[in-house]
Amino acid sequence: MGGFNRNARGGKRSFSSSPSSSYPYAYYLTTAIFVIICIAGAWLLGSFSIFPSGATSSGGLSHKSRALSLADSDPPPVMEDTQVELPEETTKDPVEKDTIKDREGEGSESDGEEADPERKKEEVEVEVLQAERQPKELQEEVSSEDREKQNEGETDGGENRQEEETVQEIKTSDQHSNQVHEQEVNLKQKLKEESRLDGGMEEEQKHHDEAQQEHDEQQPTEDDRRQDTETTEKSESREDEKQDENGRQTSGTIEQVSDENQKDTEERKDETNNENQQQIESQSETEETNENSSAEQIHTTDEDRKEVNSESYGEKRSWATQADQSDKEKERRAEHGEVERLQSDDIEQHPEEYDWKLCNATTGPDYIPCLDNLKAIKKLRPENYRHYEHRERHCPEEAPTCLVPLPKGYRRSVEWPKSRDRIWYNNVPHTKLAEVKGHQNWVKVSGQYLSFPGGGTQFIHGALHYIDFLQQSVKGIAWGKHTRVVLDVGCGVASFGGYLFERDVLTLSFAPKDEHEAQVQLALERGIPAISAVMGAHRLQFPGNVFDIVHCARCRVPWHVDGGRLLLELNRVLRPGGYFVWSATPVYQKLEEDVEIWKAMKSLTKSMCWDLVTIKKDRLNGVGAAFFRKPLSNECYTERRHQNPPMCEENDDPNAAWYIPLKTCMHNIPTNESDRGSSWPQDWPRRLQDPPYWLSNSQAGIYGKPPNEDFSTDTEHWKRVITKSYLSGFGINWSRVRNVMDMRAVYGGFAAALKDQKVWVMNVVNVDAPDTLPIIYERGLFGMYHDWCESFSTYPRTYDLLHADRLFSKIRDRCPILTVVVEVDRIARPGGKIIVRDDPSTVGEVETLLKSLHWEVQLTFSKDQEGMLCAEKSDWRPEIFVY
């Protein structure tokens with residue numbers, strides 16, 4: 001083989017013999033052109049060096065992104081000092097500093113190289129060998145180009161057909177080689193693809209030689225074939241020269257060498273193959289290591305914080321997930337037509353362009369997709385309304401991609417703690433509660449504000465007095481020590497939970513949407529934890545045995561009906577030894593209806609083995625409260641004369657809560673010392689830092705270590721990140737941050753690290769993730785289960801800061817990232833922020849979406865397998881509604 005040519009697009013090889021003696025002028029002219037092109041190529045390669053892999057670690061992030069060092073396991077020096085100023089990369093007009101450095105470093109190295117033509121020949125040969133392994137689609141495309149060029153240079157039709165047959169033979173052998181190569185890649189699972197290129201190349205050469213020999217037998221003479229190929233190369237040479245002159249192509253040189261130089265070329269090729277193979281094997285080992293590290297790494301490059309697959313631990317028990325428990329229930333809902341498909345709102349799925357539109361929903365600025373699905377609600381039967389199923393979640397099968405409009409006159413929310421007492425009227429322009437409950441000090445209209453005097457139906461003289469009254473009634477309550485996490489049922493505007501913050505108590509309030517106009521929305525605007533939920537036909541989205549106290553003030557829930565099904569749901573979530581505080585008229589009034597309700601309630605609680613600790617009356621407010629306590633053992637259950645309510649089946653998991661129907665039964669009290677719920681947690685705040693006593697070594701931790709060590713590692717990691725990065729280096733004004741959500745909580749370390757900030761954190765455990773939510777409650781924090789392929793049960797514009805650690809990359813296999821970003825835009829307040837930590841390519845995709853939504857991307861960072869982004873939501877809304 002006298003020489004070879006690489007097409008400009010990296011495709012087929014063209015073979016030729018040494019130049020004929022009948023063409024001396026063309027030969028020397030072509031040789032001179034080749035030398036000139038080699039010298040020019042050496043100069044170009046020295047000036048425009050190719051980026052190494054390290055220069056592209058951003059994984060597709062915008063070149064305009066800001067750079068900032070992360071405070072991970074080994075934070076860069078700039079983040080070590082909490083008083084550090086932001087580097088230049090985080091200014092308003094950033095550049096890709098790391099990439100520039102890479103270019104400078106490579107440029108200086110290339111400048112020192114000598115433009116050696118022989119060396120450049122070797123490089124061209126290596127490129128040709130690599131081009132032989134290109135995908136067959138590219139080879140076919142290039143083959144088509146070769147045929148077109150050959151047709152231009154040919155004058156004889158018969159010779160043209162012969163040349164096409166030659167190219168076709170080469171294409172067939174290459175296609176066969178590619179098919180074999182693809183099969184081997186699948187067998188090796190793409191982890192050691194490059195390590196066997198040498199064998200594949202030898203096999204390809206073997207097939208080529210066979211095809212060439214067969215072709216030669218069909219040709220008239222060897223001289224005719226040489227002339228055909230030489231004529232084709234001359235045509236290609238003229239075309240390549242034209243492309244070089246126009247600046248459209250710098251690769252794809254024509255190489256014609258004599259028979260004397262052919263041997264030297266073949267020897268250099270063999271040496272290059274050996275060197276290339278060694279580089280490929282080394283690169284394969286490096287890529288395999290990087291892929292394994294990427295699959296295991298979760299938050300940081302620190303070796304002690306890698307998320308692992310529990311199945312790799314053999315006999316060690318894997319973590320349960322909510323998805324396992326709820327699959328059958330979702331199938332049932334789909335069969336009954338309770339899930340409706342929603343239009344995709346005609347969003348054009350282009351990388352950079354989105355035709356955003358406003359949601360054309362009857363609820364306008366208050367739109368909650370899973371609670372305002374009118375199509376699904378209209379299909380409910382009359383008996384479903386009796387159980388409040390119309391207030392439960394009915395999510396559209398396809399999440400909406402429209403945007404929720406802003407209320408007219410919307411303003412940035414009042415900062416905490418002032419927001420507890422007043423909010424902007426235009427932000428929640430609803431006055432029904434002020435009109436109906438104004439005399440009970442729920443809420444009042446005060447000019448451009450809605451004010452909250454701190455009262456309620458049962459504590460019109462103030463929540464703090466009522467809170468102290470409860471603690472004085474039962475000393476075991478001990479706010480902020482023995483009692484840390486409270487569930488408030490039928491919360492009103494959540495003044496009870498708002499003032500319990502002063503007693504170091506976290507209260508999660510919930511109420512149905514629109515039962516009392518915008519009560520949950522008012523609570524969230526005030527900066528008080530609340531969700532839109534109802535006790536209807538399905539369990540609440542909490543694990544069992546987690547709340548220290550369940551409170552219900554003047555709530556008109558019919559606890560005694562349907563065999564006490566609703567009260568039994570509270571029994572499921574109440575911790576053994578915890579209190580149910582019922583402050584309602586049946587406790588202290590003597591009206592006939594109240595007396596009947598009290599009689600039924602007393603009988604039901606007795607059959608549930610709840611102990612009526614005491615009934616106390618608050619003389620200032622003129623109300624009373626009954627205090628019931630859940631048992632600490634199963635002794636009462638076994639001694640009941642009538643097993644009603646019955647005990648739940650042994651296989652019924654009290655922690656299963658995602659679309660699980662309510663059941664009229666009770667679960668046994670955990671009595672084994674190693675079981676969760678058998679003992680009360682440590683007093684606050686010690687319980688926040690110490691691993692729960694019931695973490696079992698039969699389970700590998702989420703990051704692969706023993707659970708206790710895993711827990712401590714996670715805690716220390718987030719403490720370091722919050723202190724050295726989030727609080728000092730991100731430009732976040734924490735005085736304006738109140739409502740925070742950790743969209744993918746694990747052990748609750750992120751929320752625990754924010755303990756000293758004036759914020760509260762909603763910890764969300766994904767339904768397909770290991771069920772670590774009981775650990776979060778054991779620490780004195782709270783949260784709920786959720787599937788981010790659906791809408792969250794909260795009003796729009798209710799969170800100041802969203803934290804998404806490895807969320808988007810893990811959910812993209814089940815639903816589009818686009819719909820999750822739209823949900824983020826819905827629940828974040830204007831001026832609110834999101835922090836995304838994920839692999840670089842995923843962060844880049846999220847960045848593109850946020851920019852299209854007019855979020856201000858304030859900084860981005862990419863290093864190794866970790867990307868990070870911080871962005872702020874603007875006031876922008878599109879003007880066109882969905883039809």
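**Exercise 1. Helix 25**

Which residues of helix 25 are buried? Use the predicted model to list them, then state what covers them.

Solution.

Step 1. Work along the helix, which covers residues 817-827. A residue counts as buried when its relative accessible area is under 20%.

Step 2. The buried residues are Ile 817, Leu 818, Thr 819, Val 820, Val 821, Val 822, Glu 823, Val 824, Asp 825, Arg 826 and Ile 827. That makes eleven of the eleven residues in helix 25, and the helix is described as mostly covered.

Step 3. Look for the elements that do the covering. They include strand 13 (739-742) and strand 16 (799-805). Helix 24 (808-811), strand 17 (828-838) and helix 26 are also among them.

Step 4. Set this beside the protein as a whole. Of its 883 residues, 54% are buried. Its secondary structure consists of 26 helices and 19 strands.

**Exercise 2. Helix 25 against helix 26**

Describe how helix 25 and helix 26 pack, and name the residues that make the contact.

Solution.

Step 1. Find the two elements: helix 25 spans residues 817-827 and helix 26 spans residues 840-852.

Step 2. Take the geometry. The axes lie 10 Å apart and the packing angle is about 55 degrees.

Step 3. Classify the angle. Angles under 35 degrees count as roughly parallel, and those from 65 to 115 as roughly perpendicular. The two helices are therefore oblique to each other.

Step 4. Give the handedness: helix 25 crosses helix 26 in a right-handed sense.

Step 5. Name the contacting residues. Helix 25 supplies Ile 817, Leu 818 and Val 821, while helix 26 supplies Thr 842, Glu 845, Val 846, Leu 849 and Leu 850.

Step 6. Sort the contact of helix 25 with helix 26 by class: six residues are nonpolar, one is polar and one is charged.

**Exercise 3. The surroundings of Arg 484**

Is Arg 484 buried or exposed, and what does its side chain reach?

Solution.

Step 1. Place the residue. Arg 484 sits in the loop that runs between helix 13 (463-473) and strand 6 (485-489).

Step 2. Check its accessibility. Arg 484 is buried because its relative accessibility is 7%, and the cut-off for buried is under 20%.

Step 3. Follow the side chain of Arg 484 to the backbone oxygen of Asp 504, at 2.9 Å.

Step 4. List the contacts, leaving out residues up to four places away in sequence. Arg 484 touches Asp 504, Val 505, Leu 506, Asp 548, Trp 684, Arg 687 and Gly 780.

Step 5. Relate this to the protein. Among contacts between residues at least 6 apart in sequence, 73% join residues at least 24 apart.

**Exercise 4. Backbone exceptions**

Locate two cis peptide bonds and two residues other than glycine with a positive phi.

Solution.

Step 1. Start from the general rule. Most peptide bonds are trans, and most residues other than glycine have a negative phi.

Step 2. Look at the bond from Trp 416 to Pro 417, which is cis, with omega near 10 degrees. Pro 417 belongs to the loop between helix 11 (382-386) and strand 3 (422-424).

Step 3. Look at the bond from Asn 644 to Pro 645, which is also cis, with omega near 5 degrees. Pro 645 is in the loop between helix 19 (635-639) and helix 20 (686-689).

Step 4. Turn to phi. Asn 545 has a positive phi of about 60 degrees. Asn 545 is in the loop between strand 8 (530-532) and strand 9 (547-553), and it is buried, with a relative accessible area of 11%.

Step 5. Asp 562 has a positive phi near 55 degrees. Its loop runs between strand 9 and helix 16 (565-573). Asp 562 is partly exposed, with a relative accessible area of 35%.

**Exercise 5. Distance in sequence and in space**

How many residues apart in sequence are Pro 512 and Leu 371, and what is their C-alpha to C-alpha distance?

Solution.

Step 1. Place Pro 512 in the loop between strand 7 (506-511) and helix 15 (519-526).

Step 2. Read the separations. Pro 512 and Leu 371 are 141 residues apart in sequence, and their C-alpha atoms are 9.5 Å apart in space.

Step 3. Add the contacts of Pro 512 beyond four places in sequence: Arg 391, Gln 519, Ala 533 and Val 534.

Note on methods: Residues are numbered from 1 along each chain as its sequence is written. This is a predicted model: local features need pLDDT of at least 70, side-chain atom pairs count only at pLDDT 80 or more; totals for chains, interfaces and linings use all residues. Side-chain values use heavy atoms; hydrogens and water are left out. Helices (H or I, at least four residues) and strands (E, at least two) are DSSP runs, numbered from the N terminus. Buried means under 20% relative accessible area, exposed over 50%, partly exposed in between (1.4 Å probe, protein chains only). A polar contact is a pair of N or O atoms within 3.5 Å; within protein, one must be able to donate a hydrogen and the other to accept it, and residues adjacent in sequence count only if both atoms are side-chain atoms. Contact means heavy atoms within 4.5 Å. Axes are lines fitted to C-alpha atoms, for helices over the stretch in contact, and angles run from 0 to 180 degrees between N-to-C directions. Angles under 35 degrees count as roughly parallel, over 145 as roughly antiparallel, 65 to 115 as roughly perpendicular and the rest as oblique. A crossing is left-handed if the near helix is turned anticlockwise from the far one by less than a right angle, and right-handed if clockwise. Ala, Val, Leu, Ile, Met, Phe, Trp, Tyr, Cys and Pro count as nonpolar, Asp, Glu, Lys and Arg as charged, and the others, Gly among them, as polar.
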